[in-house]
Amino acid sequence: MSYYIDNFADDLGPEKVIHIYEPKSKLRAIVVIDNISLGPTIGGCRMAPDVSTQEVFRLARAMTLKNALAQLPHGGAKSAILADSGTEEKETLVRAFAQAIKTLTDYIPGPDMGTDEESMAFILDEIGRAVGLPKVLGGIPLDSLGMTGYGLSVAGKTASNRISLPLEDARMVVQGFGNVGKAAAKYLGDLGVKLIATSDSRGGIHNPDGIDVPALAQAKDAGTPVDQSGLGKPVTKENLLQIESDIFVPAARPDVFSESNQKLLKTRLVLEGANIPITHEAAKQMHKRGITIVPDVIGNSGGVICAATEYQRLNEGNAFDRVEATIRNNTEELLKRVINEAMAPHDMAQKMARERIDKAMSYRAHM
Ligand code: NAD
């Protein structure tokens with residue numbers, strides 16, 4: 001049953017769109033439960049003052065597709081607490097949010113921008129369900145393990161075999177040396193790939209001989225911006241996008257490449273770490289130019305696979321094994337079918353997800 005129909009509703013969902021206002025704490029929040037055919041939904045809870053319903057829906061839909069592709073027994077959802085994440089009332093708001101979603105048992109929240117494992121511990125304390133928990137509560141610390149970056153390295157290894165790109169000394173550019181970018185640089189570095197340029201929100205560095213990844217990670221952890229690390233020649237964030245490479249990893253923001261600037265990218269393989277870093281049209285044009293792309297819904301699914309593994313009370317060894325097997329199989333299937341069925345990678349990923357969801361929906365009398 002659909003409680004809310006808007007111009008974005010389609011044959012997948014959203015199942016529920018809920019706007020929450022709690023007068024005592026002044027909590028304002030949005031929850032979108034998109035599709036539950038594969039099981040109770042998992043999706044992040046974002047904390048920011050300016051998130052729209054449409055945006056929460058788009059993020060929830062991405063989770064529906066990502067969870068289906070990862071063959072998890074979970075549907076897709078997302079939520080947002082509309083407040084500044086630096087507020088002194090954070091614990092109060094997070095706890096009020098947990099109470100407000102208590103009866104939405106089809107939604108299991110996880111951390112996202114503005115929330116963290118402590119927030120998830122508060123939610124667990126209130127209602128007994130959350131993922132992305134502190135280790136002491138059974139959590140698997142996916143950011144410190146670099147699980148999403150590890151998954152990108154698996155996608156990179158699989159795709160490079162397929163396109164005959166030797167990884168030893170392959171040149172890599174990583175936009176956004178944060179949790180995901182740092183771990184992608186580390187794990188791909190372990191396979192012989194050389195990081196030649198990277199950036200953060202201030203600026204970037206370029207070093208054709210290879211950037212010392214552990215040294216840069218240490219500098220960043222100590223609070224030094226990338227362009228002041230002394231580990232390469234400073235470049236602007238914009239110029240970084242034009243540096244020729246073999247592998248490009250966008251790991252910062254959405255919509256970095258659109259139709260108007262996609263021509264700037266000179267690389268052979270894109271591993272999408274961020275969500276929607278390349279618009280649909282731009283990705284199609286890059287595909288026509290011969291660039292191989294592993295889309296976000298496959299490439300960056302390491303984080304949610306880890307969260308689902310935690311929810312099943314399994315350990316980090318299980319999570320690494322599962323990320324490896326799932327992303328390898330999906331990348332192989334995707335790249336094979338992109339050629340056999342002459343489809344662009346993002347369309348193909350969507351088709352693969354839909355095949356799994358449609359099959360699951362066929363077993364249900366009611367949603
Ligand atoms: P993060 O905040 O740790 O890192 C983001 C980095 O990007 C920061 O270093 C920031 O300074 C930099 N940045 C911001 N704007 C930039 C710009 N214009 N140019 C260059 N660098 C810029 O975040 P994260 O956890 O690494 O997530 C990165 C992206 O990946 C986000 O879009 C997130 O939604 C997505 N993602 C994250 C995970 C995860 O497991 N953390 C999983 C799936 C998707």
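Analyst: A word on names before we start: helices here are DSSP runs of type H or I with at least four residues, strands are E runs of at least two, and both are numbered from the N terminus. Please keep in mind that this is a predicted model. With those names, Ile276 is placed in the loop between strand S11 (269-271) and helix H9 (280-288).

User: Thanks! What is the sign of phi at Ile276?

Analyst: Phi of Ile276 is positive, near 45 degrees, and this residue is not a glycine. Ile276 is partly exposed, because its relative accessible area is 31% and that class lies between the buried limit of 20% and the exposed limit of 50%. Ala342 can be read in the same manner: phi is about 45 degrees, again positive in a residue that is not a glycine. Ala342 sits in the loop between helix H12 (316-340) and H13, and with 70% relative accessibility it counts as exposed.

User: Which residue with a positive phi follows H3?

Analyst: That is Gly128, with phi near 80 degrees.

User: Let's stay with H3, then. How should I read a helix, and which of the residues of H3 are buried?

Analyst: The general idea first: an α-helix has 3.6 residues a turn, so residues three or four places apart point the same way. Now the case here. H3 covers residues 117-127, and its buried residues are Ser119, Met120, Ala121, Phe122, Ile123 and Ile127. They pack against strand S3 (41-47), helix H2 (90-100) and strand S5 (107-111).

User: And Glu118 in H3, which is it: buried, partly exposed or exposed?

Analyst: Glu118 has 48% relative accessibility, so it counts as partly exposed. Glu118 also belongs to a surface patch of negative charge, together with Asp116, Glu117 and Asp143.

User: On to opposite charges. How many salt bridges does the structure hold?

Analyst: Side chains of opposite charge can pair when their charged atoms come close. In this model there are 21 salt bridges. One of them involves H3: Arg95 pairs with Asp125, and their closest N and O atoms are 2.7 Å apart. This pair connects distant parts of the chain, with Arg95 in helix H2 and Asp125 in helix H3, 30 residues apart. Asp125 counts as exposed, because its relative accessibility is 54%.

User: Which residue forms a salt bridge with Asp112?

Analyst: Asp112 pairs with Arg46, and here the closest N and O atoms are 2.5 Å apart. Asp112 is in the loop between S5 and H3 while Arg46 is in strand S3, so the bridge ties together parts that lie 66 residues apart in sequence. Check the burial of each partner, too: Asp112 counts as buried at 17% relative accessibility, and Arg46 counts as buried at 12%.

User: Where in the chain are the partners Asp11 and Arg354?

Analyst: Their side chains meet in a salt bridge with an N to O distance of 2.8 Å. Asp11 is in the segment before strand S1 (16-22) and Arg354 is in helix H13 (residues 345-362), so many as 343 residues apart. Asp11 is exposed at 52% relative accessibility, whereas Arg354 is partly exposed at 21%.

User: Which residues are linked in a network of salt bridges?

Analyst: The network is formed by Glu333, Arg337, Glu341, Lys351, Glu355 and Arg356.

User: What joins Gly13 and Pro14?

Analyst: A cis peptide bond, with omega about 5 degrees. Pro14 is in the segment before S1.

User: Last topic: contacts. With which residues is Pro250 in contact, leaving aside its neighbours within four places in sequence?

Analyst: To read a contact, look for heavy atoms within 4.5 Å. Pro250, in strand S10 (residues 247-250), touches Gln175, Val270, Leu271, Glu272, Gly273, Ala274 and Pro277 once those neighbours are left aside. Pro250 is buried, with a relative accessible area of 1%. For a second case, take Ser153 in helix H5 (residues 147-162). Ser153 is buried at 4% relative accessible area, and beyond its neighbours within four places in sequence it contacts Tyr187, Leu188 and Leu191. A glycine makes a third case: Gly232, in the loop between helix H7 (213-221) and strand S9 (233-235), is in contact with Ile205, His206 and Asn207, again leaving aside neighbours within four places in sequence.

Methods. Residues are numbered from 1 along each chain as its sequence is written. Side-chain values use heavy atoms; hydrogens and water are left out. Patches are made of residues with over 30% relative accessible area and no salt bridge: like charges are joined within 9 Å, nonpolar side chains (Val, Leu, Ile, Met, Phe, Trp, Tyr) within 5 Å. Accessible areas come from the Shrake-Rupley method with a 1.4 Å probe; for residues, only the protein chains shown count as cover. A salt bridge is a side-chain nitrogen of Lys or Arg within 4 Å of a carboxyl oxygen of Asp or Glu. Lys and Arg count as positive and Asp and Glu as negative; His and the chain ends are not counted. The place of a charge is taken as NZ of Lys, CZ of Arg, CG of Asp or CD of Glu. Buried means under 20% relative accessible area, exposed over 50%, partly exposed in between (1.4 Å probe, protein chains only).
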